[in-house]
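Please open the model in a viewer with residue labels switched on. The tour below proceeds by selections, each followed by an account of what is found there.

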Amino acid sequence: MKTLRLTETILLSILIAFSISSCGGDDDPTTPTPTPTPTPTPVAAKIEIPETENTKPVFNSEGGVATVTFTSTQAWTASVSNSEDANWISVSPSSGNAGRYTLTIKGNKNETLKNRESNIIIKSGTASQTISVSQEKGEPFLTLDSKEYKIGSDGGDISVIVKTNMDLTVEMPDNNWISQSSSSTSNQTFTFTIASNDGYDQRSIEIVFVNQEYELSDKIVVIQNQKDAILVSQKEFNVSVSGETIEVDVEANVDYSVDISSGWINRADTRALQKNKLSFVVAANYSTDSRTATITISGDGVSEVITIKQRGFIYVSELQLNKTSLELYVGDTAQLKATIAPTNADNKELQWYSQNSWVAYVDENGLVTARNEGTVNIYVQADNGRTNAECQVTVKKQSFTNGNEDFGNEKQEW
């Protein structure tokens with residue numbers, strides 16, 4: 001049975017192989033031949049702008065926006081014909097595929113004094129279209145970044161930035177302290193050099209920037225500070241030992257204050273109609289030591305120092321009388337004289353007094369008057385008793401003898 005099935009299988013395989021072989025012969029004349037697909041004809045590159053579109057837009061000096069609609073049959077680009085013009089004109093979009101588009105053209109503000117023109121070129125393959133753009137010239141203008149420049153007394157450079165679309169010339173009065181050192185036409189920067197100001201007054205100058213063609217101008221003011229100073233009429237005083245009031249004339253171009261280093265000098269209040277005159281009261285010096293003090297006038301980093309010197313007090317160190325004793329009769333007078341040392345003593349005033357004026361009286365000049373019988377000391381002193389001298393005075397009654405009678409002086413009551 002298995003042998004029979006194997007035989008059937010082999011016969012079937014042979015039959016299938018024969019059928020396949022028969023099919024590989026000539027084509028059946030009844031089977032249709034397929035038609036090949038034709039290659040499409042390329043569309044020519046073409047850019048069309050409707051006649052209703054403005055292809056010559058004109059911007060005023062302030063700039064603006066214009067639009068142009070077009071149709072392209074192929075991919076396209078749009079650009080400014082001169083790359084240098086791209087700083088004032090731009091176009092968007094700058095490329096696209098086939099289809100209908102609207103270009104936006106933007107013009108920036110024209111700050112030049114010339115009209116300007118440029119082209120926008122639309123390209124697609126060998127096709128192109130040109131949009132001519134023009135812009136009116138700008139108005140002349142002149143603007144200064146600052147109208148006033150201040151500089152210190154040491155001087156230096158200043159840079160003036162001028163915004164303008166014109167050529168400028170610089171005008172300023174003849175002077176010997178400011179000069180133009182450089183200028184830049186690209187951004188209109190002008191540099192000036194200012195010399196140091198060694199004077200005590202502020203100074204200023206006007207600098208004018210001008211364009212004659214358009215009759216436009218503007219100016220700046222340069223102000224230079226003075227050399228700050230405080231000047232005094234006298235820097236040193238030798239003041240008497242007894243003290244005095246001193247006056248100082250002050251010239252200053254700054255606000256100032258006064259500082260006194262010692263308490264024996266005080267500022268005096270005065271209502272005198274004298275500008276910048278300062279008065280100071282210096283006290284007497286009763287010390288034997290010399291002394292020195294300062295008065296400082298200062299302000300805004302400058303100062304002047306006034307030195308006050310005062311020597312020590314010279315006291316009387318020795319007193320001598322021309323008489324150290326006197327004998328007088330009632331009613332008599334005698335002149336005492338005192339000699340002082342040193343002779344350059346500051347206070348030569350003497351004080352005279354009597355131990356007992358009932359016996360003998362002494363006046364302020366040393367004149368002694370005998371009054372009544374007795375003995376008394378007459379004193380003289382200097383500098384309130386620091387130095388003394390004395391004279392002993394004996395007063396007697398004067399007797400007159402006439403025969404046996406004795407006429408003595410009667411007692412004098414004082």
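**First selection: a buried acid**

Select D363, which is buried (under 20% relative accessible area, where exposed means over 50% and partly exposed lies in between, with a 1.4 Å probe and protein chains only). D363 has no salt bridge (a side-chain nitrogen of Lys or Arg within 4 Å of a carboxyl oxygen of Asp or Glu). The nearest side chain of opposite charge, R371, is 10 Å away; Lys and Arg count here as positive and Asp and Glu as negative, with His and the chain ends not counted.

This is a predicted model, in which local features need pLDDT of at least 70 and side-chain atom pairs count only at pLDDT 80 or more, while totals for chains, interfaces and linings use all residues. Residues are numbered from 1 along each chain as its sequence is written, and side-chain values use heavy atoms, with hydrogens and water left out.

Which loop holds D363? The residue is found between β31 and β32; strands are DSSP runs of E with at least two residues, numbered from the N terminus. Now add N365 and G366 to the selection. The side chain of D363 reaches the backbone nitrogen of N365 at 2.9 Å, and a polar atom of that side chain lies 3.1 Å from the backbone nitrogen of G366.

**Second selection: the nonpolar cores**

Next, select V368, I378 and V393. These residues have the most contacts inside the largest nonpolar core, a set of 24 residues. Such a core consists of buried Ala, Val, Leu, Ile, Met, Phe, Trp, Tyr and Cys residues joined through side-chain atoms within 4.5 Å. Six strands each supply at least two residues of this core: β26 (318–321), β27 (325–329), β31 (360–362), β32 (367–370), β33 (374–382) and β34 (387–396).

Centre the view on V393. Beyond its neighbours within four places in sequence, V393 is in contact (heavy atoms within 4.5 Å) with L326, L328, A360, V368, G374, T375, V376 and I378.

Then move to L142, L168, W177 and I220. They are among the 20 residues of another core, which lies apart from the largest one.

**Third selection: salt bridges**

The count of salt bridges comes to 9. Three of these pairs may be visited in turn.

- Select E327 and K396, whose side chains meet at 3.8 Å, N to O. The pair links distant parts of the chain, with E327 in β27 and K396 in β34, 69 residues apart. E327 is exposed, at 60% relative accessible area, whereas K396 is partly exposed, at 37%.
- Select K309 and E236, where the closest N and O atoms of the salt bridge are 3.6 Å apart. K309 lies in strand β25 (residues 302–310) and E236 in strand β19 (residues 236–239), 73 residues apart. Both count as partly exposed, K309 at 34% and E236 at 39%.
- Select E48 and K46, whose salt bridge has an N to O distance of 2.8 Å. E48 is partly exposed at 40% relative accessibility, and K46 is partly exposed at 45%.

**Fourth selection: strand β20 and its partners**

Finally, select β20 (residues 244–252). Strand β18 (residues 230–232) pairs with β20 in the antiparallel sense over 3 bridges; pairing requires at least two DSSP bridges between two strands. Within this pair, I230 stands opposite A252 in β20.

How many bridges join β20 to strand β23 (residues 277–282)? There are 6, and these two strands run antiparallel. Label E247 to find it opposite S279 in β23.

Conventions
Helix = DSSP H or I, 4+ residues; strand = E, 2+ residues; numbered from the N terminus. Polar contact = N/O pair within 3.5 Å; in protein donor to acceptor, adjacent residues only side chain to side chain.
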